[in-house]
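This report describes one structure in short sections. Have the sequence and the 3D view open while reading.

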2 protein chains.
Amino acid sequence: MPDPALKTVSGTYPSMAEVSIKEVARMAGVSIATVSRCVNNPEKVTEKTRLRVQKAILETGYSPNTLAQSFRRGRTNLVMVVLPSIGDPFFTDVMRGIRTAAKAKGYSVVIEETQFNTMTADEIGAMLVSKQTDGIILLASMSPFGTEILSAKSRRRLPIVIGCETISPELSEFPSVHIDNVAAAKEATNYLISQGHRRIAMICGQASSLLTKDREYGYRAAMNQSRLAIEEGWVVEGELSLDGAIRATRKLLNHQHRPTAIFCANDEMAIACLHAVKSAGLRIPDDISVIGFDDIRYAEVADPPLTTIGQPAEEIGERVMYRLCREIEDGLDGETAPEIVPHKLIVRQSVARPAG
Amino acid sequence: MPDPALKTVSGTYPSMAEVSIKEVARMAGVSIATVSRCVNNPEKVTEKTRLRVQKAILETGYSPNTLAQSFRRGRTNLVMVVLPSIGDPFFTDVMRGIRTAAKAKGYSVVIEETQFNTMTADEIGAMLVSKQTDGIILLASMSPFGTEILSAKSRRRLPIVIGCETISPELSEFPSVHIDNVAAAKEATNYLISQGHRRIAMICGQASSLLTKDREYGYRAAMNQSRLAIEEGWVVEGELSLDGAIRATRKLLNHQHRPTAIFCANDEMAIACLHAVKSAGLRIPDDISVIGFDDIRYAEVADPPLTTIGQPAEEIGERVMYRLCREIEDGLDGETAPEIVPHKLIVRQSVARPAG
DNA sequence: TTTATCGTTGTAAACGTTTACAATTCTACC
DNA sequence: GGTAGAATTGTAAACGTTTACAACGATAAA
């Protein structure tokens, strides 16, 4: 919605933020303080003067210089989100939620991609001070995450909220919102087991990724509970990319005890996995069952449509952002219990009972 | 790369941008002007004082307050990119290029999604003045784009560069970088024709989208040149989304003269199209051939792998951003000849000779 | 009428930086 | 040694806003 104050009576954009508060004050015959109050605290000003000032604002096409505002208020209204890859549709959806909430609260968002490199404390620190953002959302995987910068000391300095990934102990002092990754991975694995699978493999991300660590943990727990063996070479790192997953899948297919089902740590890898399996001349789900994680929108149009764990990506994004706003605006309130959002098993057609 | 100046000798982050230039000046026994010069124009200062100041900077952990800098210099080092949907992997790749270039030049990027709504001039205008960005990259479709805001007048005010889409006449005064969409679409269509197809349909985006307008134009031109008829109902709008493309495909499959080949205006729609065709019990490419556009990374793992037109998405992003930097830094140089980057037909397996 | 109170407005300082200009020091040449 | 000129540094203003505080005027209570 365009601010009507941006338009002159003639409907053109006259001077593009070049007119300052002084000009308005002069035209309205008041002091600049009064103009400022009219804009920010209208209730502190007489009806009469307010109207005069508003008229002047309209006529000059004044809009406050946000640079000056940021400077004066010490706030940029800018938040930074750090994530592994903007290319993953899952994160794209999370970003949509973040942006929705940010817009509602008057923030802009800048994105910083780690490209799966783990970030060092120094890098984060440099980003903090140089970007001068009001807060940070971490969606990134950074297990060997320098703790100095994230110590209580720096925490008091800059609002940080963690999204999507479960929290390693040293990060647990930060607020977070995510699903229960362990439980979800167990559910996925148990679903395969319930379909009769016994030889179940997993493709996960780099060792450094906290996110898939938890999913791997859930997988192992489920296998254990059902007293199923995990053979050497059944858990393979897929680098969280299409190519990585293809390579990982080939390894599994060549394994001397070929699994009948594969649990992929995310849907992108699962889709690549489908491709690799079919390229090898095997059928899905007849020969091999595949289950993914995230329910990105391509999962539905995959061939066959992908059975997976759904996360409320957009909701996660919104909640993370609102949580961050609380940190920024109400100060750091110390209440850091993670918000757990629900996941959901979505059954499509990439899983079936094993042959034989 | 972390700025070493951010660290104290003890290796901690001492005061997080709380120490101002005054502190440094005091400690080094110079004026704040000299400190400023040390940081910005080191050559204007004696070796001796420079060392003294650098030592003080190190010891205090000083880093310039970017808010104050932005305010003073009247520059935010922030650019905005407007695009239809961050969810489309193609735009994601373009964004990656943009971000690479932006980082190299010291800019941050904020993204504004139009969600396929066409933007009004008012909305853009509001964004311009409120976001206070140094420049704008338009990747968005906005055919009925208010021309007032983009008139030469406003152009002199704010650097704007257009990426990816061919330019409608009223926007042609802006610099741009993109492939030759018309030629590329012709090439795609001609490839289908060369394979023996005669009944070729097209799924494009909304009528409002300039981007697919050009591709539609290329398709029509190719069909004309080969004297092939385009039957009523063979060109259908797909809303540039998975669902939209599925609906569009169904329409084509139910057409009384069912086409033997479908040209989709982008890969996302093509992938959904593949799915819809297969769901209807038809085989690809045996019964229906499909060709896409963009070569997103899912194209390769689609089933069957998608034949498509490749665009150098990342390169486009980089070039757009560098072009914008020139606009911002060297002033608006008036040279607005579009940069045309090469496209490439990528043959995979979703196209074959028609049966019969 | 005087005084206290409250509501409204104006004055002026402050935020941290950059930079034109003035002042000072240095260099080199006479 | 003196001087012109260059090189370096310091002084102070400026950017546009917000806000503490002072000043003022009006209203109400005495």
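## Contacts with DNA strand D

In this predicted model, an N or O atom in the side chain of A:Arg72 lies 2.4 Å from a base oxygen of DNA strand D. This is a polar contact, defined as a pair of N or O atoms within 3.5 Å; within protein, one must be able to donate a hydrogen and the other to accept it, and residues adjacent in sequence count only if both atoms are side-chain atoms. Two phosphate oxygens of strand D are also approached, as follows. A polar side-chain atom of A:Tyr62 is 2.8 Å from a phosphate oxygen of DNA strand D, and one of B:Thr34 is 2.6 Å from a phosphate oxygen of that strand.

A residue is near a strand if one of its heavy atoms lies within 4 Å of it. By this rule 24 residues surround DNA strand D, and the closest are A:Ile21, A:Ser36, A:Arg72, B:Thr34 and B:Thr46. Sugar or phosphate supplies 58% of the strand D atoms within 4 Å of the protein, and bases supply the rest. Helices (H or I, at least four residues) and strands (E, at least two) are DSSP runs, numbered from the N terminus. The helices α2 and α4 of chain A and α2 and α4 of chain B each give at least two residues to the surface near DNA strand D, and α4(A) gives the largest share, five residues.

## Contacts with DNA strand C

Which residues come nearest to DNA strand C? Of the 24 residues around it, they are A:Thr34, A:Thr46, B:Ile21, B:Ser36 and B:Arg72. Of the atoms of DNA strand C that come within 4 Å of the protein, 57% are sugar and phosphate. A base nitrogen of this strand lies 2.9 Å from a polar side-chain atom of A:Arg37. Phosphate oxygens of DNA strand C are found 2.7 Å from a polar side-chain atom of A:Thr49 and 2.6 Å from a side-chain N or O atom of B:Ser36.

The largest share of the surface near DNA strand C, five residues, comes from α4(B). By class, this surface has eleven nonpolar, nine polar and four charged residues. Here Ala, Val, Leu, Ile, Met, Phe, Trp, Tyr, Cys and Pro count as nonpolar, Asp, Glu, Lys and Arg as charged, and the others, Gly among them, as polar.

## Helix α5 of chain B

Helix α5 of chain B covers residues 89-105. At 1.5 Å a residue, its 17 residues should span 24 Å, and the end C-alpha atoms are 24 Å apart, which agrees; the expected span is 1.5 Å times one less than the number of residues. Because 13 of the 17 residues are buried, α5(B) is largely enclosed by the rest of the structure. Buried means under 20% relative accessible area, exposed over 50%, and partly exposed in between (1.4 Å probe, protein chains only).

At the start of α5(B), a side-chain oxygen of B:Asp88 comes within 2.8 Å of the backbone nitrogen of B:Phe90. After the helix comes B:Gly106, with a positive phi near 80°.

## Backbone exceptions

Most residues other than glycine have a negative phi, and most peptide bonds are trans. A:Asp294, in the loop between β9 (289-291) and α12 of chain A, has a positive phi near 125°. At 4% relative accessibility A:Asp294 counts as buried. B:Asn77 also has a positive phi, near 55°, and sits in the loop between α4 and β1 (78-83) of chain B. At 30% relative accessibility B:Asn77 counts as partly exposed.

The peptide bond from B:Ile284 to B:Pro285 is cis, with omega near 5°, and B:Pro285 is in the loop between α11 and β9 (289-291) of chain B. The bond from B:Asp303 to B:Pro304 is cis too, with omega near -5°.

## How to read the values

Residues are numbered from 1 along each chain as its sequence is written, while chains are lettered from A and ligands numbered from 1 in the order in which they are written. Local features need pLDDT of at least 70, side-chain atom pairs count only at pLDDT 80 or more, and totals for chains, interfaces and linings use all residues; side-chain values use heavy atoms, with hydrogens and water left out.
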